[in-house]
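Dear colleague,

I am passing on the structure we talked about, and I would be glad if you could look through it with the notes below beside you.

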Amino acid sequence: MSATASTLDAEQPSNALRRQGTAALTLGAIGVVYGDIGTSPLYTVKEIFAPATGVALNTANLIGAVSVIFWALMLVVTLKYVTLILRADNRGEGGGLALTALAAQAVRSKPALRRALLLLGVFGATLFYGDSVITPAISVLGAMEGLQLVTPALGPYVIPITVAIVIGLFAVQRFGTGVVGKLFGPIIVLWFVTLGVIGIVHIVDQPAILSALNPVHAWNFLMERGWKVFAAVGAIVLAITGAEALYADMGHFGRRPIQFAWMGLVLPGLAINYMGQGALLMGDPSAIENPFYRLFPQAWVLPALVLATMAAIIASQAVISGAYSMTKQAIQLGFLPRMTIRYTSAREAGQIYMPAVNWLLLVGVVAAVVGFGSSSALAGAYGIAVTLTMMITTVLTYFVVSEGWRLPRPVAVGATVFFLGIDALLVAGCAIKFFVGGWFPLALGLLLFGVMSTWSRGRGILLESIRSDGLALQPFIDSLDPATASRASRTAVYPVADPSTVPQALLHNLKHNEVLHERNVILTVVFHEVPWVPMAERVQVEPLGHAFWRVTLHFGFMNTPDVPRALTLTESHGLRVPVFETSYFLSRETVVPAPGSGMAAWREHLFAAMSRNAGGVVDYFRLPGNAVVELGTRVNI
C-alpha cells in the first residue's frame, strides 16, 4: 500500500469530507446511495396490482396505493432514516455493524445484553448479503424486461442478456470503481430528473392522482384490505428497499449531503413518478403489463431502457461495494476469517476488491436470475431481508439513544414503539411471501450467521486453548540468561493473539535455531468497535527486559491494518524497528477438532475448515513477504 493511501486511511472520513464541497458530495451521494431505491419504480406499481395481492385495478385503489407509497417514503425514509437514524453515527460511520458496535458500547456494563446485541447486529449484517444478491438480479432483470416492449421477439433473450450484463458487472470489479464512480452521479441525476418529468406529463392528464398526498387515502386503502393488507404491503415495501443504504454510506459522504440529495432530488423524483404511473393507469388500465415503460412514448422506450439499465447497474454496484466493505468490517471485528483484500485505488483506501466475495455473489445473482426468471418472481424474494434489517436497526438505535445518549426514556420508548409498529407491518407483509421466494434471502442470511457465529466462537475457544497450554511470557523472559544466549543482529517480530504467553514461533525458533535476536517484539493487533483509531492512538510499547518489548497496535474496523507502517511509530517510544532489518515469525495454528469443547462437532469441523482456508497474515497485515518465517503448531479445540 502506498504512503498516500495509508495516510488517508489513518484519517477519519469527517476530516477528509470537510475539504470537499457539499455540492460534490451531494452529487456523489445521489450516484452511490440512491441507486437501489431509485430503481424501485421499475417494478413496484406492477407488483401492487398483481393477481397475488388481490388489489383491484380501479381509481380508488390507484389513489390509495400511491398514497401508501408516498407516506411510506415520508415516514420510513424521510423521518426514520434521513431525519433520525443518520444522527446515530459511529465517529462518522454508519451501517449495520457500525451501529451494532455503537449499541454494544452503550451497554458495555451489561455483558449478557451486549452479547445479545452483537449477535442481533451480526444477523442483520448477514441479511445484507441477501440484499446484495437480490438487488442486482431484480434491478437488471426489471430493466431488461423492457425489451419486450421494444419488440416481443426479444422476450426469449431477456434472461441471457441479463446474465451477460451481471457477469460483465462482476468481471470488471477487480479494476476498481474509481473511474466508473465519477459517472454515477450525473447518470443517476438524469435518471431522477427523467422520473420526475415523465411523471409530470401524466399527472397533467389526470390531476386527480394528486389527492394521493392526503394520508386519509392511504389509511382507507390499508383498512379496506382486511387480512389481505399484508399481501398489498408486501408489494408496497418494494418502494422503500434501499433505505438502509442511506445510513450505510454515511461515512463516504456525510449526513448533510445525503439529506440534501434526498430532499432536493430523490424524494420529489420518486413521488412524482409513482403518481405519474398511477395517473397513467387511471386513464389506461391496460398499461399494467409494465406501467413504468408505458409512461414513455414508443419512440422513447429504447432510450428509457438504456437509461434504466445504467441505473440498475449503478444500483447493483452500490450493494456489491457495500458487501466488500461489510465483509472487511466483519473480518476485523472477528466474525469472519481473513480473506484477500485488494486495494484498487492509491488515493482512496475505502475502494477495495475481495475476489472470494465477488465470485460468491456472482454465483448467487446468476442463480437468482435463472432460478426465479422474472422481476415479478424475484419480488417475492425481495423485501423480507430488508424489512428485518430495518427492524433490527430500530432495536439497536433504541439502545444507542437511551443508554448511550441518555435520551429521556419516554421519548426513546415512544419513538421506538412507533417505528417498530411500522417495521412489524412491513415484515409481516413480506413474511407471507416466504414460500414464493422469501425463504431465499433468509436461508442465505441464516447460513452466513451460522458461519460467522461459528468463527467467532471458535476463535474464542482457540485463544483459550492457547492461553491454558502456553507458557507465561514474563517469567520466561526473566529466566533467560543474557550471557549465554546467542543473538542475531536483527529485529524479530512475533505477532500473537495472546500477548501474555510465549509465542509458539519463538519457542520453535529457540528449539531449532538456538538463537534469539537483538530486539524481540511481541506484537498484538487489536481491532476496536469504532470505525477509526487515529495515528496518535495507534501504538503502545511496554519494555519487558532482556531486549524484549510488548507492542500493541490499535485499529478501528474501517482502518487498513498496515503493520510495518504502524511499527515505525514505536521509535518515539524508544523502540526502533528498522524496515529492512526486521523478520516476522508467524505461528500458524492447525486446528484439530476434539470432543468435549464448547461447540457441536459439525461446528468444530466447520471452524477447522475455515481456519485452514483463511487468508494469509502476510497480505492482510501488509507484511513484506521476503521477511516472513512461518512456523506451524497443532491446537486441539
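The notes that follow deal with one helix and then with the aromatic rings.

Please keep in mind throughout that this is a predicted model.

Helix 21, which covers residues 409–431 and so many as 23 residues, reaches 31 Å from its first C-alpha to its last, and this is close to the 33 Å expected at 1.5 Å a residue. Its buried residues are Ala412, Thr416, Phe419, Ile422, Asp423, Leu426, Val427, Gly429 and Cys430, and they pack against helix 6 (59–84), helix 13 (229–236) and helix 20 (384–404).

Turning to the aromatic residues, a search of the whole structure finds 18 aromatic pairs. In one of them, the ring centres of tryptophan 191 and phenylalanine 292 lie 5.6 Å apart with the planes at 40°, and because an angle over 60 degrees would be edge-to-face and one under 30 degrees stacked, the pair is classed as tilted. This pair links distant parts of the chain, since tryptophan 191 belongs to helix 11 (residues 178–205) whereas phenylalanine 292 lies in the loop between helix 16 (255–283) and helix 17 (298–332), 101 residues apart; both residues are buried. Trp191 and Phe292 also belong to a cluster, linked by ring pairs, that includes Tyr293 and Phe296.

The rings of tyrosine 398 and phenylalanine 399 have centres 5.2 Å apart and planes at 75°, so this pair is edge-to-face, and both tyrosine 398 and phenylalanine 399 are buried.

Finally, arginine 225 places its charged end over the ring of phenylalanine 221, at 4.6 Å from the ring centre.

With best wishes

Definitions and conventions: Residues are numbered from 1 along each chain as its sequence is written. This is a predicted model: local features need pLDDT of at least 70, side-chain atom pairs count only at pLDDT 80 or more; totals for chains, interfaces and linings use all residues. Side-chain values use heavy atoms; hydrogens and water are left out. Helices (H or I, at least four residues) and strands (E, at least two) are DSSP runs, numbered from the N terminus. The expected span of a helix is 1.5 Å times one less than its number of residues. Buried means under 20% relative accessible area, exposed over 50%, partly exposed in between (1.4 Å probe, protein chains only). Contact means heavy atoms within 4.5 Å. Rings of Phe, Tyr and Trp (its six-membered ring) pair if their centres lie within 6.5 Å; planes under 30 degrees apart count as stacked, over 60 as edge-to-face and the rest as tilted. A charge sits over a ring if NZ of Lys or CZ of Arg is within 6 Å of the ring centre and within 35 degrees of the ring normal.
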